[in-house]
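Colleague: I would like a close look at one helix in this model, with its surroundings. Please take it slowly and connect the details.

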Amino acid sequence: MNVPFYGHQRQYHNIQKEIDANISEVLESGQYVMGPMLKRFEQELAAYHGTKYAIGVGNGTDALWLSFMALGIGAGDECITHTNTFFATAEAIWIAGATAVFVDSDPKTNCIDPARIEAAITPKTKAIVPVHLYGQCADMKAIRRIADKHKLLVIEDNAQSFGAHGDGFKIAELSDATCTSFIIQKNLGTFGDGGAVVTNNATVDRVVRRLRNHGSEKRSCHSYGFNSRLDDIHAGVLSAKIKHIDAGNDQRRTWAARYTAGLAGAKSLTLPYEVPGYRHVFHLYVIETKNPAHRDPMLAFLNKNGVDAKCHYPIAIHQQEGYPWGKCARIVGPIPNSERNAACCISMPMFPELTQEEVDYSIAKALEWDRTVGA
Ligand SMILES: Cc1ncc(COP(=O)(O)O)c(C=O)c1O
């Protein structure tokens with residue numbers, strides 16, 4: 001059996017009528033950039049998050065650095081995050097001209113460890129950038145407390161956890177801006193690139209809107225800006241898909257529970273941890289080999305047996321060749337958890353349209369590997 005890692009076509013076929021209808025509506029409208037479909041989707045996005053504003057942009061990376069710029073973060077400012085995230089989190093800090101300051105991640109959730117943040121704060125610190133990694137929220141209550149104490153901004157990198165929530169907090173509730181990616185593989189993804197900022201901050205809304213559109217709020221009038229807009233065709237796809245996001249996330253949770261029950265006896269593996277009271281939406285179902293030396297052979301075994309497992313992310317940002325490429329970066333303290341996560345992670349196939357047979361086959365192959373290595 002071959003188990004794919006992504007199910008984009010399966011998802012398209014399941015809701016093809018709704019997607020095609022929205023695409024057709026855009027095509028027939030004659031308005032493809034900053035048109036009515038984008039406006040409609042922005043309203044749906046803000047309503048989904050319970051925020052006052054949502055602004056569609058070109059991709060999740062732009063959502064981050066446009067938010068940083070709108071909040072006045074630039075050269076000389078420091079933003080605290082961690083290195084076992086997708087590269088774009090740090091990249092966006094550097095694009096904004098700021099310094100990326102890395103602290104360790106939590107050993108269980110792999111999100112930023114709030115207990116490590118205060119030691120990294122200096123007079124130059126401007127913001128904390130928590131990443132809701134793999135589908136689970138970072139500890140936003142603790143992060144907000146630290147931010148309030150030190151008068152820092154908080155920008156949530158929510159590329160991976162659309163539809164998740166914490167214990168008593170929602171995404172976008174405790175931050176200045178929340179940034180999302182709609183690249184196809186995300187829980188809410190379009191057929192290409194896209195991104196958005198959701199916020200309750202009127203300045204972020206106004207400035208990101210202006211920056212994404214060549215610094216323009218009014219035809220022919222410009223200030224410094226960029227071109228980073230969410231196209232209406234993508235907005236139409238996303239408007240159709242957002243109606244199914246909660247059901248899709250529920251299905252991911254069902255497959256995650258099946259993986260966890262099936263792999264419970266595996267001696268050589270650590271399984272994902274869900275914080276009590278949180279809704280983990282399993283953008284990725286990431287297991288770890290207890291022994292880093294087992295990771296590559298296990299991945300090869302799964303792939304050889306038709307299970308298209310992958311790694312997110314096997315090379316942490318500070319381990320990338322050439323780091324930090326002349327950009328401003330600082331690591332505070334040892335970061336063994338981020339390094340362990342990079343060395344040991346394996347992402348099992350995870351998307352709502354998987355079949356039970358595919359999940360069970362993937363579990364069986366992981367267990368077969370586990371039996372060969374023992375503890
Ligand atoms: C954690 C994280 N941040 C930022 C991004 C950047 O998003 P995009 O690829 O849409 O620029 C991604 C995904 O690609 C991501 O996973």
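Modeller: What follows is an account of helix 3, then of some other parts for context. The model is a predicted one.

Helix 3 covers residues 36-49, which is 14 residues. At 1.5 Å a residue they should span 20 Å, and the end C-alpha atoms are 20 Å apart, so the expected and the modelled lengths agree. Just after the helix, G50 takes a positive phi of about 70°.

Which residues of helix 3 are buried? They are M37, L38, F41, E42, L45, A46 and H49. These residues cover an arc of only 165° around the axis, and therefore sit on the same side of helix 3. The general geometry fits this kind of spacing: an α-helix has 3.6 residues a turn, so residues three or four places apart point the same way. The face turned away from the buried side carries K39, Q43 and A47, which are exposed.

The cover over the buried residues of helix 3 comes from several elements. Among them are helix 2 (16-29) and helix 7 (202-212), together with helix 8. Strand 1 (53-57) and strand 7 (195-199) are also included.

Helix 3 also holds a salt bridge between R40 and E44, with the closest N and O atoms 3.8 Å apart. Both residues lie in the helix, four residues apart, or about one turn. R40 is partly exposed, at a relative accessible area of 27%. E44 is partly exposed as well, at 21%; the cut-off for buried is under 20%, so E44 does not count as buried. The pair belongs to a network of salt bridges that links E25, R40, E44 and K243. In total the structure holds 22 salt bridges.

Two of the covering elements deserve a further word. In helix 7, D205 forms a salt bridge with R209, where the closest N and O atoms are 3.0 Å apart. These two are four residues apart in helix 7, and so are separated by about one helical turn. D205 is buried, with a relative accessible area of 10%, whereas R209 is partly exposed at 26%.

Helix 8 spans residues 232-242 and contains I233. I233 is partly exposed, with a relative accessible area of 30%. On the surface, I233 joins L27, Y32, V33 and M34 in a nonpolar patch, and the accessible area of the five together is about 410 Å².

Helix 4 (residues 60-70) makes a useful second case. Ten of its eleven residues are buried, so helix 4 is largely enclosed by the rest of the structure. The buried ones are G60, T61, D62, A63, L64, W65, L66, S67, F68 and A70. They pack against strand 1, strand 7 and helix 7, elements that also help to cover helix 3. Helix 5 (88-95), strand 5 (153-157) and strand 6 (177-181) are the other partners of helix 4.

Some single residues elsewhere round off the picture. R116 and D113 meet in a salt bridge through their side chains, at 3.5 Å from N to O. R116 is partly exposed, with a relative accessible area of 44%, while D113 counts as buried at 10%.

T99 is found in strand 3 (residues 99-102) and is buried, with a relative accessible area of 12%. Apart from residues up to four places away in sequence, T99 touches D77, E78, C79, I93, C328 and A329.

N341 lies in helix 11 (residues 336-344). N341 is buried, with a relative accessible area of 1%. Beyond its neighbours within four places in sequence, N341 is in contact with N84, N110, L133, Y134 and E288.

M348 belongs to strand 11 (residues 345-348) and counts as buried at 1% relative accessibility. With neighbours within four places in sequence left aside, the contacts of M348 are F5, Y259, Y285, I287, L302, S362 and A366. The C-alpha atoms of M348 and K241 are 23 Å apart, and the two residues are 107 residues apart along the chain.

Note on methods. Residues numbered from 1 in each chain as written. Predicted model: local features only at pLDDT ≥ 70, side-chain atom pairs only at ≥ 80, totals over all residues. Heavy atoms only, no water. Patch = residues over 30% accessible without salt bridge, like charges linked within 9 Å, V, L, I, M, F, W, Y side chains within 5 Å. Areas by Shrake-Rupley, 256 points an atom, 1.4 Å probe, with all protein chains shown as cover. Salt bridge = Lys/Arg side-chain N within 4 Å of Asp/Glu carboxyl O. Buried < 20%, exposed > 50% of the residue type's maximum accessible area, 1.4 Å probe, protein only. Expected span 1.5 Å × (residues − 1). Arc of directions from axis to C-beta. Contact = heavy atoms within 4.5 Å.
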